[in-house]
Structure formats: C-alpha cells, structure tokens
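Reader: I'm new to this one and would like to go through it slowly. Could you show it to me before we start?
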Amino acid sequence: MNLICPNCDFLLDVSINPYTCLNCKETYPIINNIPLLFDKKQMIKYRMSKDTPQEYYRNVASIYGKTHHVSLYGARRFLQDFENKLKPYFNTQPNILEIGSGTGFATNIINRHSKSVTITDASLEMLSINKMNHNGINAFCCATEKLPFPNETFDMVIGNNTFYLVPDKHLGAKNIARVLRKGGKLILSEMNPYNPLWPIMFAVKGHYFERSIYEIFPFQMKSYFSSIGMTIEEIDYYSYIPYFATEKLAKIEKPLQFMLGKSKLTRRFSAIRIFYVFKKSS
Ligand SMILES: C[S@@+](CC[C@H](N)C(=O)[O-])C[C@H]1O[C@@H](n2cnc3c(N)ncnc32)[C@H](O)[C@@H]1O
Ligand SMILES: [Zn+2]
C-alpha cells in the first residue's frame, strides 16, 4: 500500500525501516508492527500530551479492550444493532478504512464484511491490541485529521464512536473525503447528542472531554461535510442498549424500543446512538 508523508504529503519509502520520506527525508518508526505516522506537532499532541483525551486513550487500552468485548452481553447486543445498520451498505465487499478503530470493538463486525480492511487510530496502545486480535490486518497509527494515504484510496470509511473526539472536525472531514474514492461512503456511528442521559454518564465517569458530542449534532455534521462535497444519505437514531448492560438490565431495552423506537421523532430523544452516512459526489 502506498503511504504519504504526514509532514509534506510526498510518497514514503516503505521498503526500509524506519519508513522514510522520499522528499523531506523525515523518518517514521515501526512499533509493534505498526508504523507511527505523525508530523512533529501531532507527535507531541498524541504521544506526549498530559491531562488530555489523547493521554486518556494511551492509558486505558487494556481496560478498554476488556470492557468493550463481544463476550459481554450489552456489547454483543449493541454490535448486532450496529451490524444491522451497516449491512445494507456492505453489498459490494468494499475496500474499507476504519478510523479511530481502538481495540477492535467494531473491527470485529467490519472485518466480516470485506476482504480488505485497514485500521487506524491515534493511540498506538489501543491499536496494538486491535492488530494483535486481527491477524494480518493493515494498521497505521495516525490522526484522522492527517491520514497517510494517497487521494481516493478507499471505497468506504467507517468510524464507531470516534469522530466526536477529533479536535479539528473540519480538517478531519476534509481528510476523510480526500482518501475516499468518488461515490465512496463515510459511515459514522456516534453517541446521540439529543439523548439527555449522556451528560449524567459523563459526570459519573468524570469524562468531561466527552462533551464534544455536542459538536456532532446533525446540523454541525452537515456543515463539516457539505463544505467538502459530501452529501448526507442517512441520519438515524438507533440502539437502546449500552455496551456495559448486563442481561438483567437489558430487560428494559425491548419495552423501551417498543414504546419509543417506532417513530424517528421519539427515537431522536431516546435512542443512544446516531448513525450517519455521507456520500462523496461522483
Ligand atoms: C471511544 S474510543 C472508540 C474505539 C473503537 N472505535 C470502538 O468502537 O470501541 C475512541 C477512539 O478514537 C481514537 N481517537 C481519538 N481522536 C482521534 C483522532 N483525532 N484520530 C484518530 N483516532 C482518534 C482514540 O484513540 C480511541 O481509540
Ligand atoms: Zn516528507
């Protein structure tokens, strides 16, 4: 796979370790079989910053891998809901890039539906667990706002619960659109910012950085993506089951979904996730 230099956008020589830019001669190390592809500014932000969401995702990898695992009832049920939303878009075995893939919670699903999946994440610690569990998968440690791939490399980009964390969403959107082929699709599943339960969850967990879900309301998402030539194909509100729900807690899911899940208006304020599909113009 061709890769471009995060520093100057020229091609990298990937036949040597470390990968080396053929233009500016910057070098990029390979750790745990994963190339680390940050420019200098991002290297500081993503690898060295303190008291930031970036530091959080460097430190929680092993716990995250256990709490977001298909062996748990709520996680398994949520992934069923996610897969049902994705299935209509998987009929052509697309060449997929998964952004912010973390420890592989959603990679399990995506990998089942395509022969070619590439995973990226800004946390080497999260990504290393994902790569270990998905033998042979292409993995690159990089930021969504600076993807190291040439223009129009992928048929589809997918992200589960990650775009809300991208610090510069306009730049993130621009980069995603750049690596998508014409007519290609972006699918994002995020926390539904209309659901009134999220602020309580953030306060209980002390995760105030998660308030950035209030940067991904549909009108904001349209503004990030329409300015770079992507049109919205689907916005929907879905799933009533959090990943941590036990089988006992999940008993309230079915009646909730029965009462509130039928109309899009009631789903908007009660479902926990929001599902976006954008298409790059042909
Ligand atoms: C809530 S976790 C979700 C992980 C995974 N998608 C899942 O479904 O479990 C968010 C992930 O996004 C990654 N992330 C945050 N900001 C990022 C950025 N700007 N570029 C790439 N990855 C990022 C984090 O390192 C973390 O692994
Ligand atoms: Zn370069």
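Author: Before we begin, a word on classes: Ala, Val, Leu, Ile, Met, Phe, Trp, Tyr, Cys and Pro count as nonpolar, Asp, Glu, Lys and Arg as charged, and the others, Gly among them, as polar. Please also keep in mind that this is a predicted model.

Reader: Okay, so how many residues of each class are in the shell around ligand 1?
Author: The shell around ligand 1 holds 11 nonpolar, 8 polar and 2 charged residues. Of these 21 residues, the ones that come nearest are Y46, G100, D121, N160 and T162.

Reader: And which polar backbone atom is 2.7 Å from a nitrogen of ligand 1?
Author: That backbone atom belongs to G100. An N or O atom in the side chain of Y46 is likewise 2.7 Å from a nitrogen atom of the ligand, while a polar side-chain atom of E145 lies 2.9 Å from a ligand nitrogen. Taken alone, ligand 1 exposes 590 Å², and the protein buries 97% of that.

Reader: Switching topic, what coordinates the zinc ion?
Author: The SG atoms of C5, C8, C21 and C24 coordinate the zinc ion (ligand 2), at 2.2 to 2.4 Å, and in sequence these donor residues follow the spacing C-x2-C-x12-C-x2-C.

Reader: Why is the arrangement called tetrahedral?
Author: Because the 4 donor atoms around the zinc ion subtend angles of 98 to 120 degrees. For four tetrahedral donors, the ideal angle is 109.5 degrees.

Note on methods: Residues numbered from 1 in each chain as written. Chains lettered and ligands numbered in written order. Predicted model: local features only at pLDDT ≥ 70, side-chain atom pairs only at ≥ 80, totals over all residues. Heavy atoms only, no water. Near = heavy atom within 4 Å. Polar contact = N/O pair within 3.5 Å; in protein donor to acceptor, adjacent residues only side chain to side chain. Areas by Shrake-Rupley, 256 points an atom, 1.4 Å probe, with all protein chains shown as cover. Donors = N, O, S within 2.8 Å, 3.2 Å for Na, K, Ca; no water. Tetrahedral: all angles 85-135°; square planar, octahedral: opposite > 155°, others 65-115°.
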